[in-house]
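This report looks at how one protein chain is put together, with attention to its charged pairs and its nonpolar interior.

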Amino acid sequence: MPGRTPDTPNSPRPADRPPADRAPRALPAVGPELAGRAMGPIEVRRSARRRRTVTAYRESGRTIVLIPAAFTPAEERRWVAQMVAKLQTREERRRRSLGADDELVARARALSAAHLDGVPQPSSVRWVDNQQRRWGSCTPSDGSIRLSSRLRGMPEYVVDYVLVHELAHLIEPSHDQRFWALVARYPRAERARGFLEGVETARQDAGAASSEDDDLVL
């Protein structure tokens, strides 16, 4: 999943912390190893609303790391490296388990059999990069399903929930009571929805913070 909320060990004394409204400064360039892990530019966003939490996620080819405004440069470098490494590990695991379209089709059909009586049979399931507002979409007329690449690296139960959601649309195109009853057959549906809602909230908070706080690009 995109980031955890770790407590910061060995926090420096308050006097060592830069003030929250400090002017932006240039940071040392990211080393080749970290840049390779990130697979794209890294954007660090400081927020005065954050106290001890760090979040990271991938968006449009970038790695976004959200940190408290009070972090020292040393803390920032340490947490950026740690969160980028965790994201890369999750993405590699996801590619191995769900990377190919054929594997996604097989997974979707297994979920259909397990939770939807095997009724929906997708003709294709693939990752797409052009869905920034939706986690998934489908075309009931031809049985195709598309998953947003933003799901890569998220927990498996979250990806499975989105697949079940789209599979249910192959049975019931609208978001009516019958549709949600089908989705509810997936045991972790509520938990997965909560996870995705948390991701969206973090994105909205980051968007609000970026208009007030200084964004630092490594």
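## Charged pairs and cores

Glu200 is partly exposed in this predicted model, with a relative accessible area of 22%. Its side chain meets that of Arg150 in a salt bridge, at 3.5 Å from N to O, and this pair links distant parts of the chain, since Arg150 sits in the loop between E6 and H4 while Glu200 belongs to helix H6, 50 residues apart. Arg150, at 9% relative accessibility, counts as buried.

A search of the whole structure finds 8 salt bridges, including the three tabulated here.

| Salt bridge | Closest N and O atoms |
|---|---|
| Arg150 and Glu200 | 3.5 Å |
| Glu43 and Arg45 | 2.8 Å |
| Arg62 and Glu43 | 2.4 Å |

Glu43, Arg45 and Arg62 are linked in a network of salt bridges. Because Arg62 lies in strand E3 and Glu43 in strand E1, their pair ties together parts that are 19 residues apart in sequence. Glu43 is buried at 10% relative accessibility and Arg45 is buried at 11%, whereas Arg62 is partly exposed at 25%.

Turning to the nonpolar interior, the largest core holds 32 residues, of which Val125, Leu147, Leu151, Met154, Val158, Tyr161 and Leu196 touch the most other members. Helices H3, H4, H5 and H6, together with strands E4 and E6, each supply at least two residues of this core, and H4 gives the most, with 10 residues. A second, separate core of 12 residues includes Ile42, Val44, Val54 and Val65.

Across the protein chain, which has 6 helices and 7 strands, buried residues make up 44% of the 218 residues.

Notes. Residues are numbered from 1 along each chain as its sequence is written. This is a predicted model: local features need pLDDT of at least 70, side-chain atom pairs count only at pLDDT 80 or more; totals for chains, interfaces and linings use all residues. Side-chain values use heavy atoms; hydrogens and water are left out. A nonpolar core is a set of buried Ala, Val, Leu, Ile, Met, Phe, Trp, Tyr and Cys residues joined through side-chain atoms within 4.5 Å. Buried means under 20% relative accessible area, exposed over 50%, partly exposed in between (1.4 Å probe, protein chains only). Helices (H or I, at least four residues) and strands (E, at least two) are DSSP runs, numbered from the N terminus. A salt bridge is a side-chain nitrogen of Lys or Arg within 4 Å of a carboxyl oxygen of Asp or Glu.
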